[in-house]
Amino acid sequence: MTRHFLFILGSARDSGNTELLARKAAEQLPAGVTQQWLSLTEHPVPDFEDLRHDSDHVRPSGDNTALLLDATLAATDLVIASPLYWYSVSAHTKRYLDHWSGWLRTPGLDFKKTMAGRMLWGVTALAHEEEEVADPLIGTLNHSAAYLGMRFGGVLLGNGSKPGDVLTDSAALTRAKTFFAQEPPLARFPYDG
């Protein structure tokens, strides 16, 4: 299967530090790897309504939720590019991830089986020198990947607050050059040992 990267942009700011860092990493992808970039501010989804005990889920159609579902299913590599907001993913990103719960229960999708073995990556910019403050964001992505049986490539961290700051983070730019070159292991929950 030809690799196809889907970049989900979860920032409330257009061309913010997280997106800039993700684009630097994407520049290193080999020829022949396709890319799709979707901004969650340009393609907002409604709040997720949990209907698992009330009614059957139906496949979305003709809206942003359907666009994101189809793009997610088509990706071999899913990149969540969310700035660190209050120590986790942005509200836009969390809303997108919440919709995975509905997709898991949508007849005919087999979302969990389809996503198993695919790769999940993260990119984030934080305005903090101590990178461990991003652990909740990393945990959210790792645990989501583990639940679905996906591979997890980790999170590319960069430092920046003002627009463009991340472009002065030489360590992050160096890591970006090889970030997507690794072969990610299967994601594991911490209790799996």
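**Reading the pockets and helix α2**

Colleague: Where does the largest share of the lining of the largest pocket come from?

Modeller: From α3, with six residues; helices are DSSP runs of H or I of at least four residues, strands E runs of at least two, numbered from the N terminus. This is a predicted model, in which local features need pLDDT of at least 70 and side-chain atom pairs pLDDT 80 or more, while totals for chains, interfaces and linings use all residues. Numbering starts from 1 along each chain as its sequence is written, and side-chain values use heavy atoms, without hydrogens and water.

Colleague: How many residues line the largest pocket, and which are closest to its centre?

Modeller: Rolling a probe the size of a water molecule over the atoms shows where empty space is left. A pocket is an open set of points on a 1 Å grid where a 1.4 Å probe fits, with protein on both sides within 12 Å along at least five of seven lines; lining residues have an atom within 4 Å of a point. Here the space is about 320 Å³. Of 16 lining residues, L97, D98, W100, S101 and S144 are closest to the centre. Both α3 (91–104) and α5 (135–148) supply at least two lining residues.

Colleague: What is the volume of the second largest pocket?

Modeller: About 270 Å³. Its lining has 14 residues, with F48, E49, H57, V58 and H99 nearest the centre. The largest share, three residues, is again from α3.

Colleague: Which residues of α2 are buried?

Modeller: Buried means under 20% relative accessible area with a 1.4 Å probe, protein chains only. In α2 (residues 64–74) these are T65, A66, L68, L69, A71, T72 and L73. At the start of α2, a side-chain oxygen of D63 comes within 3.2 Å of the backbone nitrogen of T65.

How values were computed:
Points joined across faces, edges and corners; volume = space filled by probe spheres on them. Buried < 20%, exposed > 50% of the residue type's maximum accessible area, 1.4 Å probe, protein only. Polar contact = N/O pair within 3.5 Å; in protein donor to acceptor, adjacent residues only side chain to side chain.
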